[in-house]
Amino acid sequence: MGLLTGLLTLPLAPVRGTMWVAEQLAAAAERELDDESRVRRLLVEAEIDFEAGRITEDEYERIEDELFDRLELAATREVG
């Protein structure tokens, strides 16, 4: 980057920095969503909560459906 270009784009530095942080956060969130072991652990925790009476059957089924969808999505991303 030349001196003139650097001076002209200097006001955009905070925006570029913010965009970089947002991209890093999005990538980390995507990795966490796709982490199969984390999803399986959440399934076990939901089952324990249901058996202990902390959540209703409807809540358990909703959580289970969401987590199975995440597992399926992660599997298709690994293949693709």
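A salt bridge is counted where a side-chain nitrogen of Lys or Arg lies within 4 Å of a carboxyl oxygen of Asp or Glu. The exercises below apply this rule to a predicted model, in which the count comes to four salt bridges.

**Exercise 1.** Determine what joins the side chains of Arg41 and Glu45, and where the two residues lie.

Solution. Begin with the distance from N to O, which is 3.6 Å for Arg41 and Glu45. Because the cut-off is within 4 Å, the side chains of Arg41 and Glu45 meet in a salt bridge. Next, place the pair: Arg41 and Glu45 both lie in helix α3, four residues apart, which is about one turn of the helix. Finally, consider accessibility, where Arg41 is partly exposed at 43% and Glu45 is partly exposed at 38%.

**Exercise 2.** Work out how Arg40 is paired with Glu36, and whether Arg40 is buried, partly exposed or exposed.

Solution. The closest N and O atoms of Arg40 and Glu36 are 2.9 Å apart, and the two residues form a salt bridge. Both belong to helix α3, which covers residues 36-51, and they stand four residues apart, about one turn of the helix. Arg40 has a relative accessible area of 44% and is therefore partly exposed, while Glu36, at 36%, is also partly exposed.

**Exercise 3.** Classify Asp49 and Arg54 by their relative accessibility.

Solution. The side chains of Asp49 and Arg54 meet in a salt bridge, with 3.0 Å from N to O. Exposed means over 50% relative accessible area and buried means under 20%, so Arg54, at 55%, counts as exposed, whereas Asp49, at 26%, counts as partly exposed.

How values were computed. Residues numbered from 1 in each chain as written. Predicted model: local features only at pLDDT ≥ 70, side-chain atom pairs only at ≥ 80, totals over all residues. Heavy atoms only, no water. Buried < 20%, exposed > 50% of the residue type's maximum accessible area, 1.4 Å probe, protein only.
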